[in-house]
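Colleague: I am new to this structure and would like a close look at a single part of it, the place where two helices pack together. Please take me through that part with care.

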Amino acid sequence: MSYKGIMGTSKRITGGLGLLLGVGLAAGQAMALEGDAERGQAAAGTCVACHQADGSGMNVPGGESWPRLAGLDADYLAKQLHDFKEGRRQNATMMPFANMLDDQQIADVAAYYSEMPVTAAQGGDVDDDLLARGEQLALRGDWDAYIVSCKSCHGPGNQGVGDTFPGLASQHAGYIENQLRAWQADERSNDPQNLMGAIAKRMSDEDIRAVSAWLASQSVASE
């Protein structure tokens, strides 16, 4: 190859690497945006109808339940909003609202809700036997059925671990139940390596009701 050809190839490689690095840096900057809770309060105005002014959400027995957002990890909330916006998580109600927010607004809204005190959940009213089964699944799992305990991933007190495993304690029973059924039916798959899908498929309807009710009955002390 001639000197001119070598130089041309070198420039193309360098240009390609520069483009890739630029894309990578842009993605990193988008993920690293720092949220501002004060700005987030203004951006969250459209969220109030479903998630309430205090971020407590709402549990509708036998219907749709909107999750508590108050006190959830900011990075987890931001990831879910990006997933709705980019189609990795499907919800006809959430997608239009997520699409209204730019990357900075997503970071701001996530910061705003993360700083709110955790509110009490609804929908945990079941009999004692079912509640005991829920406690077993949440804290110890059921190894005979290859069901890992919730706290194995969601941390001590099922209060969440980072941006991957959200806090489940004091989340509405209806919402937890709906999400487990969505994973069971392959209607949700935005978790690492489909861990939740594999677990949900091993759970009976009674198991899902039980663990959802028990987690909803657990209180969380806000910092």
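Modeller: The part to look at is the crossing of two helices in this predicted model, where α9 passes α11 in a right-handed crossing. Helix α9 covers residues 173–184 and helix α11 covers residues 205–216, and the two pack with their axes 8 Å apart, at an angle of about 145°. If you follow the contact from the side of α9, the residues that take part are Ala173, Ile176, Glu177, Leu180, Arg181 and Gln184, while on the side of α11 they meet Asp205, Ile208, Arg209, Val211, Ser212, Ala213, Leu215 and Ala216. Sorted by class, this contact of α9 with α11 has eight nonpolar, two polar and four charged residues.

As for how far the model can be trusted, the protein chain averages a pLDDT of 89, and 85% of the residues score at least 70. Residues 13–30 need a separate word, since over that stretch pLDDT stays under 50, and the model has one contact beyond four places in sequence for it. Where pLDDT is low, the predicted coordinates should not be read in detail.

Key: Residues numbered from 1 in each chain as written. Predicted model: local features only at pLDDT ≥ 70, side-chain atom pairs only at ≥ 80, totals over all residues. Heavy atoms only, no water. Axes fitted to C-alpha atoms, helices over the stretch in contact; angles between N-to-C directions. Helix = DSSP H or I, 4+ residues; strand = E, 2+ residues; numbered from the N terminus. Left-handed = near helix turned anticlockwise from the far one by under 90°. Contact = heavy atoms within 4.5 Å. Nonpolar A, V, L, I, M, F, W, Y, C, P; charged D, E, K, R; others polar. pLDDT = per-residue confidence, 0-100.
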